[in-house]
Amino acid sequence: MAENKIVIEGKHLRLEVKLIKSRAGEQYWPFPVLLLFDDHVLEGECWRGAGGKLQGTFEDPLIVIQELLAGLEEVFEPTPSEHGCGNPREYARKLGFNVMDNSPLYCATLSYANIFFERVGDTVRIHYHNRLLEATDCPEFKGKHKGTIEVPFFEFAEDVLKVVGEYLEEHALRVEEARRKYWNRDRSEDIEDYLKWYTADKTNLEALKQERSEAHGRG
């Protein structure tokens, strides 16, 4: 059977969702999801016994969307804050990441990965730890399970909104149809809430860009 795969690409982010039924899935983690930032594997895995190719990890795609939106919201305002994972700053440092004392910091929890979104001035630092990739037996991914990526804030925000918006507006209902078919579960009623969250963040970003443009004009 041909793969039924959704692929969404931003400038840096790439989200892939395979709409397949597998014994490895279940109703709360229904489909393989691959989340990349350039060549960094934020969520995904590779096993030689499964062909030795990078593949998605079973996950709820809406959880990925939720955590991307929550990470973006956390770094909108460059004031000290931290949410997610109980004590994000302590947990990030336990994993070996160098995070500041007073930065906005959000810890996203995916099925077998943690992603920390940290804003430092006009830069977003993405610290990631992928536990399944840490255990990989694929030589090309050895040692690539964790790292820190830096990207300009506005570039990060636009990329997140591009990927999230395309998923919600063009693919979410199709995913829920497959979820109903394969797992007898349906999260369609949640899509409207995520769309409102996405729209609010998009509006906030445009306001920030306008504010920045006006400040440069005055300067």
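## Disulfide Cys46–Cys138

The S-S bond of Cys46 and Cys138 has a torsion of about -85 degrees, so this disulfide is left-handed. The bond links distant parts of the chain, 92 residues apart. Cys46 sits in the loop between strand E4 (40-43) and strand E5 (57-59). Cys138 sits in the loop between helix H3 (131-134) and strand E10 (146-152). The model is predicted.

The sulfur atoms of Cys46 and Cys138 lie 2.1 Å apart. Are these two cysteines buried or exposed? Both Cys46 and Cys138 are buried.

## Disulfide Cys85–Cys107

The structure has two disulfides. Cys85 and Cys107 also pair, with an S to S distance of 1.8 Å. The torsion about their S-S bond is about -55 degrees, so the Cys85–Cys107 disulfide is left-handed. This pair, too, links distant parts of the chain, here 22 residues apart. Cys85 belongs to the loop between strand E6 (81-83) and helix H2 (88-94). Cys107 belongs to strand E7 (residues 104-109).

Burial is uneven across this bond. Cys107 has a relative accessible area of 1%, under the 20% limit, so Cys107 counts as buried. Cys85 reaches 28% and is partly exposed. With the bonded cysteines numbered in sequence order, the pairing reads 1-4, 2-3.

## Salt bridges between side chains

How many salt bridges does a search of the whole structure find? The search finds 17. One of them joins Arg89 and Glu82, with an N to O distance of 3.4 Å. Glu82 has 32% relative accessibility and is partly exposed. Arg89 has 7%, so Arg89 counts as buried.

Arg125 and Glu150 form another salt bridge, at 3.3 Å from N to O. Arg125 lies in strand E9 (residues 123-130) and Glu150 in strand E10, so the pair ties together parts 25 residues apart in sequence. Glu150 is exposed, at 52% relative accessibility. The cut-off for exposed is over 50%.

## Helix H5 and a shared network

Lys209 and Glu206 also meet through their side chains. Their N to O distance is 3.9 Å, and the limit for a salt bridge is 4 Å. Both residues belong to helix H5 (residues 188-218). Lys209 and Glu206 are three residues apart there, so about one helical turn separates them. Lys209 is partly exposed at 31% relative accessibility. Glu206 is partly exposed at 46%. Elsewhere, salt bridges that share partners join five residues into one network: Asp60, Glu176, Arg179, Arg187 and Asp190.

## The largest pocket

The largest pocket holds about 160 Å³ of space. Which residues line the largest pocket? The lining includes Lys18, Ala24, Glu26, Trp29 and Pro32. Glu45 is also part of the lining. So are Gln55, Gly56, Thr57 and Phe58. Tyr112 and Leu132 complete the list.

The chemistry of the lining is mixed: six residues are nonpolar, three polar and three charged. Lys18, Glu26 and Glu45 are the charged residues of the lining. Gln55, Gly56 and Thr57 are the polar ones. The nonpolar residues are Ala24, Trp29, Pro32, Phe58, Tyr112 and Leu132.

Note on methods: Residues are numbered from 1 along each chain as its sequence is written. This is a predicted model: local features need pLDDT of at least 70, side-chain atom pairs count only at pLDDT 80 or more; totals for chains, interfaces and linings use all residues. Side-chain values use heavy atoms; hydrogens and water are left out. On a 1 Å grid over the protein atoms alone, a cavity is a set of points where a 1.4 Å probe fits but cannot get out, and a pocket is an open set with protein on both sides within 12 Å along at least five of seven lines; lining residues have an atom within 4 Å of a point. Grid points are joined across faces, edges and corners, and a volume is the space filled by probe spheres set on the points. A disulfide is a pair of cysteine sulfur atoms within 2.5 Å. Helices (H or I, at least four residues) and strands (E, at least two) are DSSP runs, numbered from the N terminus. Buried means under 20% relative accessible area, exposed over 50%, partly exposed in between (1.4 Å probe, protein chains only).
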